[in-house]
Amino acid sequence: MTIFTPQETTLSEGAIVRLAETALADIARVRKSVGRVIFGQESVVEQTVIAILGGGHALLVGVPGLAKTKLVDTLGIAMGLDARRIQFTPDLMPSDIIGTEVMDQDETGRRSFRYVKGPVFAQLLMADEINRASPRTQSALLQAMQEYHVTVAGERYDLPAPFHVLATQNPLEQEGTYPLPEAQLDRFLMQVDVHYPDLASERRILLETGGDEDRAEAVLTAERLREIQSLVRRMPVPESVVEAILSLVRSARPGSGHKEADTHIAWGPGPRASQSLMTCVRARALYEGRLAPSIDDVMALAEPILQHRMALNFAARAEGMSVRDVIAALKRDVN
């Protein structure tokens with residue numbers, strides 16, 4: 001049995017297949033364009049593109065020097081998006097993100113306020129080292145991420161569409177940082193762990209250092225990306241995939257009756273995690289050239305979607321366990 005949500009019933013299954021086949025070619029061109037610049041980070045590129053295709057935001061966690069900034073710039077070029085960058089620091093103020101009102105004086109001497117938009121008015125925003133800003137500043141970005149508009153002096157200003165935030169965070173240096181609150185973490189569609197490149201990829205990086213760097217080319221437009229994002233939400237999902245999502249997410253909550261969760265988890269993922277998985281398995285299927293998601297997609301995306309939406313209790317931390325260990329145990333039971 002195949003599941004359609006209400007907004008998906010406006011198109012026939014045949015029409016969705018035809019649109020998906022066109023989208024497959026466009027996504028393949030994006031992969032090729034990004035692959036000319038980013039080496040050895042296939043899973044990072046995959047998960048980041050999936051987050052964008054799903055219409056959400058992503059938190060990239062990795063040590064400095066792993067091409068996180070370059071990835072965002074490259075994706076902005078390949079997808080035809082207006083990309084901007086904000087370097088988060090402890091003294092950053094909300095007005096540095098959303099903009100501020102300035103006073104103007106015309107020829108008659110009359111004074112009035114004029115709103116000057118901040119860098120958040122972009123289609124692809126890189127929030128570099130997001131946890132170095134104060135909670136007050138992070139709250140300004142939180143409204144933009146959730147509601148896709150900002151409020152200044154009581155006036156609402158809508159953000160460009162599409163709007164995506166790709167934030168980076170250093171997992172090692174925590175001095176002078178402000179941990180992201182759970183409510184803000186939950187707004188990220190997924191957490192993408194950026195690891196060191198493999199030997200072959202790092203060798204290629206070395207050999208190309210100092211030469212003429214290859215650049216990505218624009219293969220999509222913002223309008224075309226929005227069409228693909230709309231298609232992602234219309235794709236049919238087999239009932240077995242829906243059941244796997246429900247089983248996995250619900251088993252990650254303490255009190256659910258699952259031994260692993262009851263023993264090691266302090267608090268688990270809410271319904272937004274299920275919604276995120278439902279969207280991202282469709283996007284991953286398209287990314288890999290398929291017209292329907294499978295249970296393998298659920299298993300592949302379980303860690304990036306769940307790990308920032310749950311926390312271990314004291315006993316689990318004392319045993320040296322990690323959230324990834326718990327998720328791996330939950331996945332084994334679902335399989």
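This briefing describes the overall build of one protein chain and then looks at several of its strands, loops and residues in turn. The model is a predicted one, and the protein chain in it has 14 helices and 13 strands. With 335 residues, a compact globule would have a radius of gyration near 20 Å, and the protein chain, at 21 Å, agrees with that expectation. Of these 335 residues, 49% count as buried.

**Overall build**

- Taken along the principal axes, the box that the C-alpha atoms of the protein chain fill is roughly 75 × 50 × 50 Å.
- When contacts in the protein chain between residues at least 6 apart in sequence are considered, 77% of them join residues that are at least 24 apart.
- The protein chain has an accessible surface of about 16200 Å², and carbon and sulfur atoms account for 50% of that surface.
- The protein chain carries 36 positive and 44 negative charges, and the mean positions of these two sets are 2 Å apart.

**Strand β9 and the strands beside it**

- Strand β9, which covers residues 164–169, is mostly covered, since six of its six residues are buried.
- The residues of β9 point in two directions, with H164, L166 and T168 on one side and V165, A167 and Q169 on the other, and all of them are buried.
- Strand β2 (residues 57–61) runs parallel to β9 and is joined to it by four bridges, and within this pairing L59 stands opposite A167 of β9.
- Strand β6 (residues 124–128) also pairs with β9 in the parallel sense, over four bridges, and here L124 has H164 of β9 as its bridge partner.
- The loop between β8 (155–158) and β9 holds P162, and the peptide bond that leads from A161 to P162 is cis, with omega near -5 degrees.

**Residues with a positive phi**

- Most residues other than glycine have a negative phi, and most peptide bonds are trans.
- E129, although it is not a glycine, has a positive phi of about 55 degrees, and its place is in the loop between β6 and α5 (135–147).
- With a relative accessible area of 24%, E129 is partly exposed, because partly exposed residues are those between the limits of 20% and 50%.
- Y148 is likewise not a glycine and has a positive phi of about 60 degrees, and this residue is found in the loop between α5 and β7 (149–152).
- Y148 counts as partly exposed, at 33% relative accessibility.

**The hairpin of β4 and β5**

- Strand β4 (residues 99–105) and strand β5 (residues 111–117) pair in the antiparallel sense, and seven bridges make up this pairing.
- Within the pair, T100 stands opposite V116 of β5.
- The hairpin of β4 and β5 has five residues between the strands, and in this hairpin G109 takes a positive phi near 90 degrees.

**L92 and its surroundings**

- L92 is found in the loop between β3 (83–87) and α4 (94–98), and with 10% relative accessibility this residue counts as buried, because the limit for buried is under 20% relative accessible area.
- Once its neighbours within four places in sequence are left aside, L92 is in contact with I86, Q87, I97, S134 and T137.
- L92 and S251 are 159 residues apart along the chain, and their C-alpha atoms are separated by 40 Å.

**Two helix residues and their distances**

- K70 lies in helix α3, which covers residues 68–78, and counts as partly exposed at 34% relative accessibility.
- K70 and V37 are 33 residues apart in sequence, and their C-alpha to C-alpha distance in space is 8.4 Å.
- D325 has its place in helix α14 (residues 323–334), and with a relative accessible area of 39% this residue is partly exposed.
- D325 and I27 are 298 residues apart along the chain, and a distance of 32 Å separates their C-alpha atoms.

Notes
Residues are numbered from 1 along each chain as its sequence is written. This is a predicted model: local features need pLDDT of at least 70, side-chain atom pairs count only at pLDDT 80 or more; totals for chains, interfaces and linings use all residues. Side-chain values use heavy atoms; hydrogens and water are left out. The radius of gyration is taken over C-alpha atoms; the globule rule is 2.2 Å times the number of residues to the power 0.38. Buried means under 20% relative accessible area, exposed over 50%, partly exposed in between (1.4 Å probe, protein chains only). Contact means heavy atoms within 4.5 Å. Accessible areas come from the Shrake-Rupley method with a 1.4 Å probe; for residues, only the protein chains shown count as cover. Lys and Arg count as positive and Asp and Glu as negative; His and the chain ends are not counted. The place of a charge is taken as NZ of Lys, CZ of Arg, CG of Asp or CD of Glu. Two strands pair if DSSP finds at least two bridges between them.
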